[in-house]
Amino acid sequence: MDGQVVKLRDDLMAATRYGVMMLREALVDPAEFKAARPAKGQSDPLGAFR
């Protein structure tokens with residue numbers, strides 16, 4: 001198209017970029033994080049609650 005960039009099927013790339021850029025805005029209170037432990041029987045795929 002005459003050297004123009006065409007945004008086509010780039011939704012995943014845009015969402016990933018947005019998510020990574022918002023990480024700098026994330027604030028986590030360690031006490032609140034530990035209080036939010038998963039209930040018994042729920043999985044913990046990242047192993048954060050050991």
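**View 1. Helix H1 is hardly covered by the rest of the protein.** Take a walk along H1 in this predicted model: among its 12 residues, the count of buried ones is 0. The helix runs over residues 11-22. From its first C-alpha to its last, H1 reaches 17 Å, which is close to the 16 Å expected at 1.5 Å a residue.

**View 2. A nonpolar patch sits on the surface.** Here you can meet its members: Tyr 18, Met 21 and Met 22. Together these side chains offer about 320 Å² of accessible area. Tyr 18 belongs to helix H1. Is Tyr 18 buried or exposed? Its relative accessibility is 57%, and the cut-off for exposed is over 50%, so Tyr 18 counts as exposed. A handy rule helps when you look at any helix: an α-helix has 3.6 residues a turn, so residues three or four places apart point the same way.

**View 3. Lys 7 and Asp 10 join their side chains in a salt bridge.** How far is it from N to O in this pair? The distance is 4.0 Å. The two partners can also be described by how much of each is accessible. Lys 7 is exposed, because its relative accessible area is 68% and exposed means over 50%. Asp 10, with a relative accessible area of 25%, is partly exposed, because that value falls between the 20% and 50% limits. If you go hunting for salt bridges in the model, the count comes to 1.

**View 4. Arg 9 has a positive phi angle.** Look at the backbone here: phi of Arg 9 is near 60 degrees, and this residue is not a glycine. Where does Arg 9 lie? You will find Arg 9 in the segment before H1. Arg 9 counts as exposed, because its relative accessibility is 82% and the cut-off is over 50%.

**View 5. Stepping back, the protein has 2 helices and 0 strands.** What share of the 50 residues counts as buried? The answer is 4%. The accessible surface of the protein comes to about 5,400 Å². Carbon and sulfur atoms account for 59% of that surface. With this picture in mind, you can return to H1, where the count of buried residues is 0, and to the patch of Tyr 18, Met 21 and Met 22 on the surface.

Notes
Residues numbered from 1 in each chain as written. Predicted model: local features only at pLDDT ≥ 70, side-chain atom pairs only at ≥ 80, totals over all residues. Heavy atoms only, no water. Patch = residues over 30% accessible without salt bridge, like charges linked within 9 Å, V, L, I, M, F, W, Y side chains within 5 Å. Areas by Shrake-Rupley, 256 points an atom, 1.4 Å probe, with all protein chains shown as cover. Helix = DSSP H or I, 4+ residues; strand = E, 2+ residues; numbered from the N terminus. Buried < 20%, exposed > 50% of the residue type's maximum accessible area, 1.4 Å probe, protein only. Expected span 1.5 Å × (residues − 1).
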